[in-house]
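Let's take a walk through a protein model together, stopping at a few spots worth a look. Keep the structure open beside you as you read.

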Amino acid sequence: MTSFPVRTARWSARHAWAAIAGWFVFVVLCLGVGITLGTHQATSADFRVGEAGRAEAMAAEGGLERRPTEQILIRSRDKGLPLDTDRAGAAARDLTARMRALPEVDTVAEPVRSRDGRVLMVQVVMHGPELEGRKNVVPLLEQSAAVATAHPGLIVEETGSPAISKGVNDQRDEDLALSERITLPVTLITLLLVFGSVVMAAVPLLLALSSIAAALGLSMAASHLLPDAGVGTNMILLVGLAVGVDYTLFYLKREREERARARGTLSSEALVELAAATAGRAIVVSGLAVIVSTATLYLATDVIFSSLATGTILVVAVAVVSSLTVLPALLVKIGQRSERRAARTAERRARRAEARAERRARSGKPARAARRRDGGADGGADGAHGAHAEDRPGRLTGALLKPARTRPVLTLCLSVLLLLGLTAPAFGLKLVDPGRDTFSRDIPAVQVYDRLNAAFPELSSQHRVTVRSTGPDRTADVHRALTDLGRRTQGDPLFAAHAEPRILTSADGRISVLEVAVPYTATSQRAGESLTRLRQVHLPAALGQLTGVESAVSGDVARGRDYVDHENAKLPLVLGFLLLVTFLMTLWAFRSVVIALLGVVLNLLSAGAALGALVAVFQGTWAEELLGFDSLGAIASRVPLFLFVILFGLSMDYQVFVVSRIKEAMDGGMSARRAVLDGIERSAKVVTSAAVVMVTVFGAFVALHLTEMKQMGFCLALAVLLDAVVVRLMVLPAVLLLLGERAWNPLRRSRTAPAAGPAVDPAAGPAGRAVENVG
């Protein structure tokens, strides 16, 4: 029975133009539907987790949610001179008038002078929810710039969450454009080295880019079911190029191998079917593994991880579909073109040979049959040589594989010790939720934010205590309790003594919010201590005697801490399901418990080693100058979970492709030892090439400004490198050589297993039997 990849490839091969046209119509439709529907962005409510989330939900119920707020600083151009009161006041009045005239602005506060008298600050509150501010902040920035131009003797500059968010988004867009300028040329050069043909090198890039385009359109439509947190596009670009090129590369290399073995005896359609029966099945299994593994991110119940999962699943699914449909059609057309060119070349050679024979006959010279310039017999020999050359690994690969082949025990021990040594720093992992204090200082609004904190430390961060009572009759009691709580915090050195706590009450009197200032940045240790003190000491002391009320604390510090705690609580669940689905997928693919367990262990080794290296590099300060980042003293909280899920899925690419080649050789009659060496040697070149592409794509993110993206790129690039070199060329062959036939004991005997018989000559390849062996 033929498999789905074979049936799909057969149809595409026989209806090549229809398949090619259908694919590009599909891409255009996906983009058209996505653009028509637009993207449904996640709202503030979608990001709520933990106690901070409950507090924000209660505040929103009373119309007291946080609003997008900007701060405009006015200071003297000469640092040595104090601020001119009259000139600064005139600038502040000009600014206030301009801001109040904007439809995006709700209120403009009176100017406030810093304690040292050098800075005047005007605070502007915008209309709409907190996350909408970054979309509407441009007019405010323009007016601030206009005031600066009108008052050249002063520096007028703006910051705030909306301005910082816009600056981060602009920087991210520039970074992504930079990464594309790096990855696309390197990927094209790699493919040119692999195939030696511009046409064949262009095919993987064309399909990867078209798959990305289709996935972007589908993600816009999917955002109306699962809102987009603003990271889905990044993930589609990151993963789409990597897996899109990988899948196409696997298929192309297999088709070329079959063509070299056939030596012109099979048509392009037949060669595509043979490639589909082997590489096509591996692509399907690998794609499903990535999709199922990534789907475990939904268990985190976090809008950011859900957005990452949706983008990854869509682009991988589209990449698999393109590899099974339009790729066979393109290969048939390219093959038929090559066959026609070869036929014309052979015809010209034949005509030239006939003309030479006629000239010799007329001249009376005997024909020299041994000298066949038409390339007949010699061409066959070259073809045979090409078939073997296609399979032979390079010198570097052969050198890396030699230790496992000659000394498997020693190789296994040393390789595992290396990976465990790299893993060791991971036990000192510290997590932080990235925020304003972790963004690149190259962003102008972030630079102004630092100056704001220096001049007005009480604005560094804020706690918001939200209290909801059963009815308005408790309003007075709640107000007295919150007033008492405010006095307690002012007497605590962990809180801002010079900032008066502010109480806000909803129109119906049921919900009240106390705003308490903290003179420390949200990610600092002292800010964290203030939150603990507030939640565990001051809040119970002030509100503990009240009945019929519900209270919770949110704010800059609480959001970050509760988010990290939420992720830590979900990590065991996600990781447990990830290990389970990886095991089950491998078991389904190869019907071997040993191979399934081995896949899980190898993935853990490579992921753990990459995470340990990440901690060693980014949690300290020694690599700051080398990689261009400011250490957070911790790892972005989303990186570890993201790393494990994405890497487990991507590692299945190599695992499925390599183990499939080994199992194919064993099904052909080879011994377990010979099959392991033969399968890894045959797959080494394509795995190495695919790894180069992935490492380039992920490594380009190390050049970005955003520390979280740097960490993700570094970790994924290193993990793929370790997986392709240490795991697949050292650990995996060493283990399989030591286990021998025991590694391949099936869970149940296949009813279609071939009867015992003479070993099949490996040089014959799978041609002629590949379709029957894969079902």
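## A salt bridge across the chain

Glutamate 51 counts as partly exposed, since its relative accessibility is 22% and the partly exposed class runs from 20% to 50%. Keep in mind that this is a predicted model. What does glutamate 51 pair with in a salt bridge? Its partner is arginine 535, and the closest N and O atoms of the two are 3.4 Å apart. This pair links distant parts of the chain: glutamate 51 sits in helix α3 (residues 50-61), arginine 535 sits in helix α18 (residues 525-543), and their positions lie 484 residues apart in sequence.

Now check the arginine end of the bridge. Arginine 535 has a relative accessible area of 17%, so this residue is buried, because the cut-off for buried is under 20%. In general, side chains with opposite charges can pair when their charged atoms come close.

## More pairs, and a network

How many salt bridges does a search of the whole structure find? The count is 40. One you can look up is between arginine 488 and aspartate 484, with the closest N and O atoms 3.1 Å apart. Both residues belong to helix α17 (residues 475-490), and because they are four residues apart there, about one helical turn separates them. Arginine 488 is partly exposed at 34% relative accessibility, and aspartate 484 is also partly exposed, with a relative accessible area of 21%.

Next, try glutamate 708 and arginine 638, whose side chains meet in a salt bridge of 2.9 Å, N to O. Glutamate 708 is part of helix α24 (residues 707-739), while arginine 638 is in the loop between β11 (635-636) and α22 (639-667), so this pair ties together parts 70 residues apart in sequence. Are these two buried or exposed? Both glutamate 708 and arginine 638 are buried.

Some salt bridges join up into a network, too. Arg254, Glu257, Glu258, Arg261, Arg661 and Glu664 are linked in this way.

## Patches on the surface

Now turn to the outside of the model. Which residues gather in a patch of positive charge on the surface? They are Arg337, Arg340, Arg341, Arg344, Arg348, Arg349 and Arg352. Take arginine 348 from that group: you'll find it in helix α12 (residues 326-363). Arginine 348 has a relative accessible area of 38%, so it is partly exposed.

There is a nonpolar surface patch as well, and its members are Leu410, Leu414, Leu417 and Leu420. Together they make a patch of about 390 Å². Leucine 417 belongs to helix α15 (residues 408-423). With 55% relative accessibility, leucine 417 counts as exposed, because exposed means over 50%.

## Two buried serines

Serine 12 is in helix α1 (residues 4-14), and with just 2% relative accessibility it counts as buried. What is serine 12 in contact with, once neighbours within four places in sequence are set aside? The answer is Ala19, Leu324, Thr325, Pro328 and Ala329. Leucine 324 is 312 residues away from serine 12 along the chain, yet their C-alpha atoms are separated by 8.5 Å.

Serine 592 is in the loop between α19 (556-590) and α20 (593-618). This serine is buried as well, with a relative accessible area of 1%. Leaving out neighbours within four places in sequence, serine 592 is in contact with Leu587, Ala743, Trp744 and Asn745. Now compare serine 592 with alanine 610: the two are 18 residues apart in sequence, and their C-alpha atoms are 27 Å apart in space.

## Backbone angles to look at

Let's finish with the backbone. Arginine 591 is not a glycine, although it has a positive phi of about 55°. You can find arginine 591 in the loop between α19 and α20, where it is partly exposed, with a relative accessible area of 30%.

Where is threonine 301 placed? Look in the loop between α10 (268-295) and α11 (303-324). The phi of threonine 301 is near 45°, a positive value in a residue other than glycine. Threonine 301 is partly exposed, with a relative accessible area of 48%.

Notes. Residues are numbered from 1 along each chain as its sequence is written. This is a predicted model: local features need pLDDT of at least 70, side-chain atom pairs count only at pLDDT 80 or more; totals for chains, interfaces and linings use all residues. Side-chain values use heavy atoms; hydrogens and water are left out. Patches are made of residues with over 30% relative accessible area and no salt bridge: like charges are joined within 9 Å, nonpolar side chains (Val, Leu, Ile, Met, Phe, Trp, Tyr) within 5 Å. Accessible areas come from the Shrake-Rupley method with a 1.4 Å probe; for residues, only the protein chains shown count as cover. A salt bridge is a side-chain nitrogen of Lys or Arg within 4 Å of a carboxyl oxygen of Asp or Glu. Lys and Arg count as positive and Asp and Glu as negative; His and the chain ends are not counted. The place of a charge is taken as NZ of Lys, CZ of Arg, CG of Asp or CD of Glu. Buried means under 20% relative accessible area, exposed over 50%, partly exposed in between (1.4 Å probe, protein chains only). Contact means heavy atoms within 4.5 Å.
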